[in-house]
Amino acid sequence: MCKEKTYLLLRNYHHKIKASMPVIKIHAAVHKSLENFDLEYFDLYLIHWPGTSKKQLSDPINEENRTNSYKALERLYREGKVKHIGISNYTEKHLRHLLSVCTVIPHVHQFELHPCLYQPEILDLCHKHGIQIQAYSSLGEGALINGEVKLDCLESIAQKLSTSKALVLLRWAVQCGWTVIPKSKTVSRIKENSQIFSLEIANYDMDLLNKIHTYEPHRFCWDPSNVF
Ligand SMILES: NC(=O)c1ccc[n+]([C@@H]2O[C@H](COP(=O)([O-])OP(=O)(O)OC[C@H]3O[C@@H](n4cnc5c(N)ncnc54)[C@H](OP(=O)(O)O)[C@@H]3O)[C@@H](O)[C@H]2O)c1
């Protein structure tokens, strides 16, 4: 693997770590992964989900496990084994709690974001603390571009810019200041998606896209709202 050309992001399923010894277990798991990849460090390591496997969403142990898992990431960060640390799928409540106990502010928060799911509270909190927002499911897992969810204004903006709906969705996120991680197994689409820096959406059209969630709300992935 050519490290200079590859930005490595790993997400840890912290539920596999027992509350009594999470720091040691995560620490060991990351060291093992580094060994497997034959790397000195990972660029970014995220806690994937605020809940705990095989525990009720409402179980207070979720909060304790999250805190302990994050402590392990802080230690790895201080050791230089991960260059950036972060979280994923945290709600405003989860993030507020983390901010009250952490010693390293998360560098990245990855969560579902697209014109049909705009989450102002968590966005504001990330902005306030300088946390880089990383959008996932920018294309609605494909549903926002394959006609499953029809968005007239998206179609017209794409036509106006002589581009694809996929590129408009990705460019909208980038103009909002977020990073994007579109997924495709199709080489031509991967190439197409890399063209987001060659177009610009006008303010008027950005406003149209910003309003979509008020009349066409959709969530395509999991909802962490009920995790304690
Ligand atoms: N943190 C989390 O909990 C979480 C949750 C979900 C996803 N993610 C991550 O987010 C990333 C995005 O994945 P996602 O599943 O949410 O999907 P997505 O990026 O919203 O959409 C992927 C779908 O869009 C299609 N597609 C991609 N580019 C296209 C283009 N230019 N034109 C037409 N269709 C296009 C793909 O089809 P083809 O593959 O057939 O080309 C695929 O079906 C992944 O890296 C995933 O791991 C993270």
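Let's start at Glu141, which is partly exposed, with 16 other C-beta atoms within 10 Å. That count sits between the limits of 12 or fewer for exposed and 20 or more for buried, so the label is partly exposed. The backbone of Glu141 deserves a look too: phi is near 55°, a positive value in a residue other than glycine. To find Glu141 on screen, go to the loop between strand E5 (132-136) and helix H5 (152-160). Keep in mind as you look around that this is a predicted model.

Carry on past H5 and you reach a second residue of this kind. Ser162 lies in the loop between H5 and H6, and its phi is near 50°, again a positive value in a residue other than glycine. Its surroundings hold 7 other C-beta atoms within 10 Å, so Ser162 is exposed.

From that loop, step into helix H6 (residues 165-175), which takes us to the interior. The largest nonpolar core has 42 residues, and H6 gives the most to this core, with seven residues. The core members that touch the most other members are Tyr45, Leu73, Val82, Val168, Leu169, Leu170 and Ala173. Ala173 is a handy one to select and inspect: beyond its neighbours within four places in sequence, it is in contact with Leu113, Ala135, Ser138, Trp178 and Val180.

Now for a residue that comes with a database note. In an unreviewed entry, UniProt lists His48 under "binding site". Where does His48 sit? Its place is in the loop between strand E2 (42-47) and helix H2 (61-78). Is His48 buried or exposed? The answer falls in between: with 16 other C-beta atoms within 10 Å, His48 is partly exposed.

With these landmarks in hand, let's zoom out to the whole protein chain. It has eight helices and six strands, and along the sequence they follow the pattern β-α-β-α-β-α-β-α-β-α-α-β-α-α. The radius of gyration is 19 Å, close to the 17 Å that the globule rule gives for 228 residues, so the chain is as compact as a globular protein of that length. Along the principal axes, the C-alpha atoms fill a box of roughly 55 × 40 × 30 Å.

Two percentages round off the picture. Of the 228 residues, 32% count as buried. Among contacts between residues at least 6 apart in sequence, 73% join residues at least 24 apart.

Conventions:
Residues numbered from 1 in each chain as written. Predicted model: local features only at pLDDT ≥ 70, side-chain atom pairs only at ≥ 80, totals over all residues. Core = buried A, V, L, I, M, F, W, Y, C linked by C-beta atoms within 7 Å. Helix = DSSP H or I, 4+ residues; strand = E, 2+ residues; numbered from the N terminus. Contact = placed C-beta atoms within 7 Å. UniProt positions renumbered as here; feature names shortened; annotations may be inferred. Rg over C-alpha atoms; globule rule 2.2 N^0.38 Å.
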